[in-house]
Amino acid sequence: MAVRESLGLDRSLIVQYFDYMMNLFRGDLGYSYQTNRPVADLIAARLPATITLGVSSLVFAIVIGIPLGVIAAVKRKTVWDTLASSTALLGVSIPNFWLGSMLILGFAVVLPIFPVAGLQYPWFTREGLLELVLPSITLGTATAALLARMTRSSLLEVLQSDFVRTARSKGMPEKQVIMVHALRNAMIPIITIIGLSFGGILSGAIVTEQVFAINGIGQLTVSALTNRDFPVIQAVTLMMATTFVLVNFLVDVVYALVDPRINVVQ
């Protein structure tokens, strides 16, 4: 009975919910059942590693996925299109836990090129950048494949537009037609995928952090689930949901920057 009263479980669900929301507005996410530490402190200590991994994975996905999709669209129905499309399909199909294990085996054990130290160094150092390579590839491969497929589909549609034919008829270089006119107008669905993928990357970091022993939100979540640490689970779920909302808002803002015809206010 004393434990129930100390946790507030002896009160009605409505009262518990009201108390939780009032504490939430004050930045109080409660205390961990397992460590008896403030949940906000636990998340603050683990969040930098997860954000670093998520951003680096998204950068990898953009750098690889968009050029791959552009090549597939420009070289449509050629061996380059087949190769790029097959690579994208393979990237979507590979589970990240298997890919991470194979990368560790190949480039950290057989060929000790990259360290697997769980992000022990700041990302802006040489050691930190080397530590980010394998987990970023693991987490960003599926997103890169998705971006490649979306870029190809969107760019193929734009390349058949009248303004592209007009630009070509004026004698503009093909590279300028593709990169300046066509790709910019094809970016709206690509930006949508990038925004949604960032939230998915943070969620997928749970598995990747386990594989590479990264002390981030993923490991915190697994530990909380194992020990039924409900305040931590609630806080992590709330953080993920808030991230999705903020990213979607930023995506809407970027729409207006890419296409001036879009009015964010409306």
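In the predicted model, the search for enclosed space yields 1 cavity of 30 Å³ or more. The largest cavity holds about 50 Å³ of space. Its lining consists of 10 residues, and Pro115, Val116, Glu131, Pro135 and Phe212 are those nearest the centre. By class, this lining comprises 8 nonpolar residues, 1 polar residue and 1 charged residue.

Open space was examined as well. The second largest pocket has a volume of about 210 Å³. A total of 14 residues line this pocket, with Thr87, Leu90, Gly91, Ile94 and Thr141 lying nearest its centre. Helices α3, α4, α5 and α6 are the elements that contribute two or more residues to the lining. The lining of the second largest pocket divides into 11 nonpolar and 3 polar residues, with no charged residues. Thr141, one of the residues nearest the pocket centre, belongs to helix α6. Thr141 counts as buried because its relative accessibility is 18%, which falls under the 20% limit. Leaving aside residues up to four places away in sequence, Thr141 is in contact with Phe60, Gly91 and Leu99. Gly91 is thus both a contact of Thr141 and one of the residues nearest the centre of the pocket.

The secondary structure of the chain consists of 11 helices and 0 strands. Read along the sequence, the order of elements is α-α-α-α-α-α-α-α-α-α-α. The C-alpha trace extends over about 80 × 55 × 30 Å along its principal axes. The chain has 266 residues, of which 35% are buried. Its exposed area is about 15400 Å², with 67% supplied by carbon and sulfur atoms. Among contacts with a separation of 6 or more, 71% join residues 24 or more positions apart.

Nonpolar side chains in soluble globular proteins tend to be buried together. In the present model, the largest nonpolar core contains 54 residues, and Ile43, Leu155, Ile217 and Val232 have the most contacts inside it. At least two residues of this core come from each of α3, α5 (96-110), α6 (126-159), α7 (162-169), α8 (174-185), α9, α10 and α11 (230-258). The greatest contribution is that of α3, with 10 residues. Ile43 touches Leu29, Ile217, Leu220, Ala235, Val236 and Met239 when residues up to four places away in sequence are not counted. Ile217, one of these contacts, is itself among the core residues with the most contacts.

Two further buried positions were examined. Ser57 lies in helix α3. With a relative accessibility of 0%, Ser57 counts as buried. Contacts of Ser57, apart from those with residues up to four places away in sequence, are made with Pro135, Ser136, Leu139, Gly140 and Ile201. Pro135 is also one of the residues nearest the centre of the largest cavity. Val258 is located in helix α11. Its relative accessibility of 18% places Val258 in the buried class. With residues up to four places away in sequence excluded, Val258 touches Arg184, Met187 and Ile191. The C-alpha atoms of Val258 and Ile188 are 7.7 Å apart, although 70 residues separate the two along the chain.

The backbone was also inspected for positive phi values. Most residues other than glycine have a negative phi. Lys77, which is not a glycine, has a positive phi of about 60 degrees. Lys77 is placed in the loop between α3 (39-74) and α4 (79-93). Lys77 counts as exposed because its relative accessible area is 72%, which is over the 50% limit. A positive phi of about 55 degrees occurs at Ala213, likewise not a glycine. Ala213 occupies a position in the loop between α9 (187-211) and α10 (217-226). With 47% relative accessibility, Ala213 is classed as partly exposed.

Definitions and conventions
Residues are numbered from 1 along each chain as its sequence is written. Side-chain values use heavy atoms; hydrogens and water are left out. On a 1 Å grid over the protein atoms alone, a cavity is a set of points where a 1.4 Å probe fits but cannot get out, and a pocket is an open set with protein on both sides within 12 Å along at least five of seven lines; lining residues have an atom within 4 Å of a point. Grid points are joined across faces, edges and corners, and a volume is the space filled by probe spheres set on the points. Ala, Val, Leu, Ile, Met, Phe, Trp, Tyr, Cys and Pro count as nonpolar, Asp, Glu, Lys and Arg as charged, and the others, Gly among them, as polar. Helices (H or I, at least four residues) and strands (E, at least two) are DSSP runs, numbered from the N terminus. Buried means under 20% relative accessible area, exposed over 50%, partly exposed in between (1.4 Å probe, protein chains only). Contact means heavy atoms within 4.5 Å. Accessible areas come from the Shrake-Rupley method with a 1.4 Å probe; for residues, only the protein chains shown count as cover. A nonpolar core is a set of buried Ala, Val, Leu, Ile, Met, Phe, Trp, Tyr and Cys residues joined through side-chain atoms within 4.5 Å.
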